[in-house]
Amino acid sequence: MIVELIGKEAGLTFECMHIVPGRGDCSRIHPHFHYVDVLVDGEFDDKRRIVHLYNLKAVIKRICSLFEDKILLADYPESVQKVTEEVLHYRIEINNKLYIIPKTDIFKIKSPSLNIEDLTVYFANELALDLKNKEMFNPLNYFEITLSEGHGQRGKIRIESK
Ligand SMILES: [Zn+2]
């Protein structure tokens with residue numbers, strides 16, 4: 001049986017900014033409004049549930065809150081983006097421009113890029129880890145997350161529990 005959370009209706013959303021390597025509009029710092037749809041597949045438990053939806057939402061909201069109102073910084077190669085950590089700031093050289101941004105405004109994400117593909121993988125891995133820690137993953141067969149970045153663009157991935 002499948003149970004789904006529709007991100008827009010369930011409040012599983014976050015807004016963040018990024019700069020991606022290149023020349024076009026995306027080479028400037030710009031925002032995205034994201035929402036996350038989640039699908040879980042599993043068997044009924046003794047309480048006639050596949051998953052505790054309240055707890056699942058709480059886990060997803062925690063991950064969303066990491067991104068909320070932050071500027072994302074990924075691990076691009078130094079030939080593409082040079083990041084120097086200072087006491088209070090990151091000094092970021094990208095697209096022949098220099099940004100000096102307070103650390104408090106940055107979410108340094110362990111990801112090779114900020115493409116929707118890599119963001120979706122990152123989000124799914126975080127969710128898998130959280131669900132495992134809460135012993136919520138094993139009873140499931142798999143979950144799928146769909147991460148939308150607006151403009152009709154989204155990434156989707158399935159993570160098997162076994
Ligand atoms: Zn973008």
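This is a short talk between a trainee and a mentor about a predicted model.

Mentor: Welcome! In this predicted model, local features need pLDDT of at least 70 and side-chain atom pairs count only at pLDDT 80 or more, while totals for chains, interfaces and linings use all residues. Residues are numbered from 1 along each chain as its sequence is written.

Trainee: What makes β5 and β6 a pair?

Mentor: Strands are DSSP runs (E, at least two residues), numbered from the N terminus. Two strands pair if DSSP finds at least two bridges between them. Five bridges join β5 to β6, so the definition is met. One of these links is Gln81 with its bridge partner Ile94 in β6.

Trainee: And what joins β6 to β7?

Mentor: Six bridges, with the strands running antiparallel. In β7, Pro102 is the bridge partner of His89.

Trainee: Why are β5 and β7 said to stand at the edges?

Mentor: The open sheet has the order β5-β6-β7. β5 (81–85) and β7 (97–102) each have a single partner strand, so one side of each is left without a neighbour in the sheet.

Trainee: Which residues is Val38 in contact with, leaving aside its neighbours within four places in sequence?

Mentor: Glu4, Leu5, Ile60, Phe143 and Ile145. Contact means that the C-beta atoms, placed from the backbone, lie within 7 Å, so each of these residues has its C-beta atom within that distance of the one in Val38.

Trainee: Thanks! How many bridges joined β5 to β6 again?

Mentor: Five, and the two strands form a hairpin with three residues between them.

Key:
Contact = placed C-beta atoms within 7 Å. Helix = DSSP H or I, 4+ residues; strand = E, 2+ residues; numbered from the N terminus.
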